Protein chains: 4
Amino acid sequence: MKYAYLGPSGTFTESALLQLDGARDSERIPAANVNAALSMVREGDVDAAVVPIENSVEGGVSATLDSIATGDSLQIVAEILVPITFVLAVREGITELGQIRQVSTHGHAWAQCRLWAEANIPAAVFTPASSTAAGALGLQDPEQHHDAAICSPLVAEERGLHVLVRGVEDNLGAVTRFIVVTRPGRIPQPTGVDKSTLILPLAEDRPGALMGILEQFTARGVNLSRIESRPTGEGLGKYFFSVDVEGHVAQERVAAALSGLHRLCPELRFLGSYPAAQGAAPFVDTHNSDDAFIEARAWVDAVRARL
Amino acid sequence: MKYAYLGPSGTFTESALLQLDGARDSERIPAANVNAALSMVREGDVDAAVVPIENSVEGGVSATLDSIATGDSLQIVAEILVPITFVLAVREGITELGQIRQVSTHGHAWAQCRLWAEANIPAAVFTPASSTAAGALGLQDPEQHHDAAICSPLVAEERGLHVLVRGVEDNLGAVTRFIVVTRPGRIPQPTGVDKSTLILPLAEDRPGALMGILEQFTARGVNLSRIESRPTGEGLGKYFFSVDVEGHVAQERVAAALSGLHRLCPELRFLGSYPAAQGAAPFVDTHNSDDAFIEARAWVDAVRARL
Amino acid sequence: MKYAYLGPSGTFTESALLQLDGARDSERIPAANVNAALSMVREGDVDAAVVPIENSVEGGVSATLDSIATGDSLQIVAEILVPITFVLAVREGITELGQIRQVSTHGHAWAQCRLWAEANIPAAVFTPASSTAAGALGLQDPEQHHDAAICSPLVAEERGLHVLVRGVEDNLGAVTRFIVVTRPGRIPQPTGVDKSTLILPLAEDRPGALMGILEQFTARGVNLSRIESRPTGEGLGKYFFSVDVEGHVAQERVAAALSGLHRLCPELRFLGSYPAAQGAAPFVDTHNSDDAFIEARAWVDAVRARL
Amino acid sequence: MKYAYLGPSGTFTESALLQLDGARDSERIPAANVNAALSMVREGDVDAAVVPIENSVEGGVSATLDSIATGDSLQIVAEILVPITFVLAVREGITELGQIRQVSTHGHAWAQCRLWAEANIPAAVFTPASSTAAGALGLQDPEQHHDAAICSPLVAEERGLHVLVRGVEDNLGAVTRFIVVTRPGRIPQPTGVDKSTLILPLAEDRPGALMGILEQFTARGVNLSRIESRPTGEGLGKYFFSVDVEGHVAQERVAAALSGLHRLCPELRFLGSYPAAQGAAPFVDTHNSDDAFIEARAWVDAVRARL
């Protein structure tokens, strides 16, 4: 297997990738950004890509949400959860917080540690880096001037950086969700605890357009575990929705919801059904069970056989 | 063809039956009541029965609604509308309204002419008859004592009765709807302006149980043209619904609604799809068209082929 | 107190009336029909009327449903349940079923005993009577020819009729619901287990018109205990709905539903809130409690105070 | 008036601020980030703050969405739309694209110009800046090494930078929406074309929880112009919704929707009603007009006066 991932080496995305079976023995190619990673999949340069889609503090990752929603079709085959914790690594010679005048990291990481920084290194100026790893590596570059970097434990360890403080994140227990993306192909078999991801362009801007869509789920007892609105880029007020539902397209109620959605927005995208990384099998009412759907269809078919 | 109908001869039901192609040359058997007429169908004694189901003034005909809802399955293959107008026929020797002391007719007919009677024959006592025809025929029976009868123009003409006043009904333009009932068999082909009739037992007594049912129609843009609640006989508050919808089971949106209903109440009855006696083809949104359903199913099937 | 009731004396309606506190000492005026009883109320001739509204076997009583829906406003202040059981009373000299050639009763009673009659007196011809009491009294009239009458135990006892068979009804456990109707006035205080009755004309004939109405109830967790469609008399397909809900207009969720309904059909009629004759206090979600409504209003008022 | 805004000077946020009446004569304080700008409002250091909330290409501005959703209450009193267009400014001595090896700008700006950059300066390395203005000013700083910066026309003009290319954005017609935020106080009067902003925590995670919320809008014909889900920070799958609706709390249908929402999520936040920067007065059905609500309330009050 050959994987692309949102690089550079040492990011949380690589941590996620390393959780996959056989990943340590696979070829792993860091990509400069989400779009680049997904392009490698689309063009067949790699078998799959691992990219972040959602963070429990920062929310949806726009680059991923937008990139999988347009262009050549892709498929999500797995999700991986990674607990997010940050360390404060420092340049050689720095031994206490009071010495830090400049700190660098990626903007997203900065947002998750800002309160800690305001309280503990109030005098330090923030310099954005293109990734947490890039900020960390800068500590070993004499041409760069920041004294400290906020980064993952993995990169600090790999590069032998001096860690002054561990767990500098403001929200303990933060988690980032990553997805494994391939070209469209065979859908993983249902495990009982599955997720399906959809892209739903909102055809009309009127009271009830979104509700019409949600009704397709509710009418079959299909629960939403994530919903994000994203601009289509065609002007303020034009959205598509990126949605995760509990369940697998192999299940009748999910298939029926998809069928209803296709009537309302024929341009919807099905991005895959795959095992959920956590959670229990959803409760399903008798009238939303596979049996209920199959019997209903058989009954209607019998009626229509009399035509 | 051999027909049963709600007799006796000369009722509006026979007028309805005579509107059917070839009915004048068919064998026509009057039945004592709706149940008897439908039993002849169920037992194969006749090919079809004609019975009233709804009157624009009096509402649903309970005997019919209940009789087709239970027992061996039946099928509605056609509906017939008959304008309802009554005449006041009188016994020989009666020449003016002031002479009338007793008037007879069926209770339903009496209900539709009561205001006229109160205004024009206020002194007359009402004697119920088992049918309008029976009341009318009684005028020729010396053993009976009523001076006048309210009946259909047909029976007055057929029996040579003297008609004192025409159009004694309170609501001009009243119409009764009759149905042609057979044993279950081939469903008439769709004409574009069709109706389907369903029996829907309400499984649960909770806020939203009825709404859950109606949603199955609304979600597919299927219009209801009639809805009646009827007691199941199992105690106050236990109902079934008798429903007519605009459309034919051959149409995808009607079939989809039926399928959804079957999940909610597996004991539902489909009583038939048949040409509507009046009205235009219903407006159907693009997303409820046959094409939308067929394309949606094909799309979902293509997705599931990847399983 | 002076009461009108659907007569004649000895009917189930009188049984219902006699259940009211103080009714035995009140003046009780039998009316020839439901309309006449309600007219006496409207014109101030009596304080209240007792009329049947629903039977657990036969369904809604059309005359009552229609008469309270139109004309001068009326108010329902109480409901009474009466178990319905019939006896077969016979003319003097009749001692066994085989002697009965003609049987009389009201059409509704006949409908409820037909199976018994078919099985036990198959040779007997049915003659409709204007009420069960009238049929029963006819047994003592030498000018009438029926041998038996189906009537209430009350009338048989009061008139000293010979009862050949008790409990001839087909559905054991049948119940009729009666209502006590006054001119509009003070609404009975809530007891915790109450009912409210509404008349809802359906303004539009489109998919979802009825659902729009039901949503007003469901959105506030208000349960329907009865719904009947009745023709408005303006042609097939034009209905109003007669509805009972669990709850009292003094409760916020019921008042809110009424307010929402008034927007959709400004011609609705509120026919009263009154103690339910049976049942338990309905379950009410926290967000539909009086407190939730009162706090929500206070919050919105506080926001709008900043205008 | 004293304003804070997302600085530094020369950003699109300052352009937005300068559109306000009297803004050119007001005191304008650049803030390092959105949170800092809103803190100045909360603490009374300024009268109002101007911050971005939504971009037609990049979507919602998370920092703003999150910061106004929590902490001391704030109020939105106006919105401002600013068309987003970027220029490529270059360091002295650079005269053609081929000379550019390093380009700097804010990550959001980079995202909006990436395709242009890939096509026109493929060899240039991207260096993130803390704002577009900071990147631009760096061109005049000999200690920094980037050759070009992507920035607003305003900052290029103010600082006398050499502009090599105008309109380097990938999406022509991109717009960013800014809001003017104050401490809670008097709500601007309705103009007929207004918006209201709400924060709605989703109390429950079940099929229909979001639908229950949307129903409160749909039931009153209140249109949503924006909906964003944001993580509450309490773990994956815990969201609040940030919502803009068309209409003003002074309008009955909006007030009624708010009241309904308060019952479902008592912790909701009302962030203000204010004139919409564009659009027409929304279509309002008769049954959702102020009159319909006022008449319905009066009718219910009259009924309840009889209690």
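In the predicted model, the contact between chain A and chain B brings together 27 residues of chain A and 27 residues of chain B. On the side of chain A that touches chain B, the elements that contribute two or more residues are α8 (252-264) and α9 (290-304) of chain A, and of these α9(A) gives the most, with 9 residues. Sorted by class, this side of chain A comprises 16 nonpolar, 4 polar and 7 charged residues.

A further contact between chains involves helix α7 (residues 209-218) of chain B and helix α7 (residues 209-218) of chain C, whose axes come within 10 Å and cross at roughly 145 degrees. The crossing of α7(B) and α7(C) is left-handed. From α7(B), the residues B:Leu210, B:Met211, B:Leu214, B:Glu215 and B:Thr218 take part, and they meet C:Leu210, C:Met211, C:Leu214, C:Glu215 and C:Thr218 of α7(C). The residues of this helix pair divide by class into 6 nonpolar, 2 polar and 2 charged, the charged ones being B:Glu215 and C:Glu215.

The relation between copies was examined for chain A and chain D, which superpose with an RMSD of 0.2 Å after a rotation of 180 degrees accompanied by 0.1 Å of shift along the rotation axis. These two copies are therefore related as by a two-fold rotation axis. The interface residues of the two chains also correspond, since 97% of those in chain A are interface residues in chain D as well, so that the copies meet through the same surface.

Within chain A, the domain assignment gives three entries, of which domain 1 is made up of two segments (1-84 + 175-186), while domain 2 covers residues 87-166 and domain 3 covers residues 187-307. The centres of domain 2 and domain 3 of chain A, taken over C-alpha atoms, are separated by 44 Å. By residue number, both α8 (252-264) and α9 (290-304) of chain A, the elements named above for the side that touches chain B, fall in domain 3 (187-307).

As regards confidence, the model scores ipTM 0.88 and pTM 0.89. Chain A has an average pLDDT of 92, and 98% of the residues score at least 70. Among the elements of chain A, the lowest mean pLDDT, 86, belongs to strand β4 (residues 59-60), whereas the highest, 98, belongs to strand β15 (residues 269-275). By residue number, strand β4 (residues 59-60) lies in domain 1 of chain A (1-84 + 175-186), and strand β15 (residues 269-275) lies in domain 3 (187-307).

Methods. Residues numbered from 1 in each chain as written. Chains lettered and ligands numbered in written order. Predicted model: local features only at pLDDT ≥ 70, side-chain atom pairs only at ≥ 80, totals over all residues. Domains from an automatic or database assignment. Axes fitted to C-alpha atoms, helices over the stretch in contact; angles between N-to-C directions. Helix = DSSP H or I, 4+ residues; strand = E, 2+ residues; numbered from the N terminus. Left-handed = near helix turned anticlockwise from the far one by under 90°. Contact = placed C-beta atoms within 7 Å. pLDDT = per-residue confidence, 0-100. Least-squares fit on C-alpha atoms with pLDDT ≥ 70 in both.
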